[in-house]
2 protein chains.
Amino acid sequence: MQLHKRDVVEAATALLDDYGIADLSMRRLARDLEVSPGALYWHFASKQQLLGAVADRILGAVQDCGGDWQERIVQTCGRLREALLSHTDGAELVSASFAAGQSAVMTDLLAVLAAAAADAGVPADSTESAARTVVYFVLGSTVDEQSRLQWDAAGADVSAPVWAENSDARFAFGLRLLVDGIAAHTRADV
Amino acid sequence: MQLHKRDVVEAATALLDDYGIADLSMRRLARDLEVSPGALYWHFASKQQLLGAVADRILGAVQDCGGDWQERIVQTCGRLREALLSHTDGAELVSASFAAGQSAVMTDLLAVLAAAAADAGVPADSTESAARTVVYFVLGSTVDEQSRLQWDAAGADVSAPVWAENSDARFAFGLRLLVDGIAAHTRADV
DNA sequence: ACCTGAACACCGTTCAAGT
DNA sequence: ACCTGAACACCGTTCAAGT
């Protein structure tokens, strides 16, 4: 039967979860779907574009939420982190797709965060900068956390769980820094 | 004559500057050096390790500096950004090497930033988190900036220079957010 | 419209064998 | 100690040709 975009993205996600981003190749994906490699290029212009679709699928779990601007930022970032951690190499894949400008959902999240910054009183020409700064933190710290997590799961030495236990607190601390920064900045300008 | 680590790193940097990270392959590098690909593996255990050495070469230009903790953070980040921007795909390469834990100099910079955070009054168990948050911002924003810069240099549409002019201000704003956050956080805790 | 088959132009890494 | 040659096991992408 016919191959649809959704099937391809689903199979790619499964491949990612089971074997990681290094094994997520167009040829391997085609093999899993029992089509020729060229077939994928009927549905996607490039591997980058396909990875963007996988990123958007991963980020589907992140819905926006209510509350004041601080709660909205903290919640959005928390959910983003959870979504990334729930797929093997999820943070790395989304990070790469974001950098390549291939994730539409990531662009939406940026808008949500920029709106929260606006509510906080950040001047209109700086809300985008504030939102990006927050996103850089979430992506950077989660890539770090996940690589350590996965390294420990394989290597398994003693001091690993200590890091893992602290990672929630470390994430919360960095995020607090940014929220405090936004709050302080708007106070200074008003 | 004999091949030395320094020659390899130098040739790799030249290849990076002239053709970008996508063309920085072990085989192409070997061709430029007029050796067989296998020769490189006598001097470096893997491509990742070689890229780490290139990252450290790029970061050699970033020396540490004096002043109060705020000045030290702002200066260090400014110099880091300059170093990244002065090589094609420099931000991407250093970012990848940092994530892979292959850049010794990046670890030094982390320590410098952590020391500044400590001077600011951040509790000892959080200085590392503060430093990493700053580094995530510099790497993330500079990767972004550089990809836009290089895309414009090739594509060349109208609205490009506007972005370029604002990128200094955008960087400064994000950095200010973080410095304000560190300042606010320590005030709240003391 | 959708896919196959085969090709093009590459990769990183290993390792016996040479000097 | 340092390097070559050749192999192993792959890549992303394109495109004429088929149905």
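In the UniProt record, an unreviewed entry, the feature "DNA-binding region" is placed at residues 25–44 of chain A. In the predicted model examined here, this stretch of chain A is 75% helix and 0% strand, and the C-alpha atoms at its two ends lie 14 Å apart.

The surroundings of DNA strand C comprise 17 residues, of which Leu3(A), Ser36(A), His43(A), Arg27(B) and Tyr41(B) come nearest. When the residues of this surface are sorted by class, six are nonpolar, seven are polar and four are charged. On the side of the nucleic acid, 57% of the atoms of DNA strand C that lie within 4 Å of the protein belong to sugar or phosphate, while the rest belong to bases.

Individual polar contacts involve both the phosphates and a base of the strand. In chain A, an N or O atom in the side chain of His43(A) is 2.6 Å from a phosphate oxygen of DNA strand C. In chain B, a polar side-chain atom of Ser25(B) lies 2.8 Å from a phosphate oxygen of this strand, whereas the side chain of Arg27(B) places an N or O atom 2.6 Å from a base oxygen. The elements that contribute two or more residues to the surface near DNA strand C are helix 3 (37–43) of chain A and, from chain B, helix 2 (26–33) and helix 3 (37–43). The greatest contribution to this surface, four residues, is made by helix 3 of chain A.

Note on methods. Residues numbered from 1 in each chain as written. Chains lettered and ligands numbered in written order. Predicted model: local features only at pLDDT ≥ 70, side-chain atom pairs only at ≥ 80, totals over all residues. Heavy atoms only, no water. Near = heavy atom within 4 Å. Polar contact = N/O pair within 3.5 Å; in protein donor to acceptor, adjacent residues only side chain to side chain. Nonpolar A, V, L, I, M, F, W, Y, C, P; charged D, E, K, R; others polar. UniProt positions renumbered as here; feature names shortened; annotations may be inferred.
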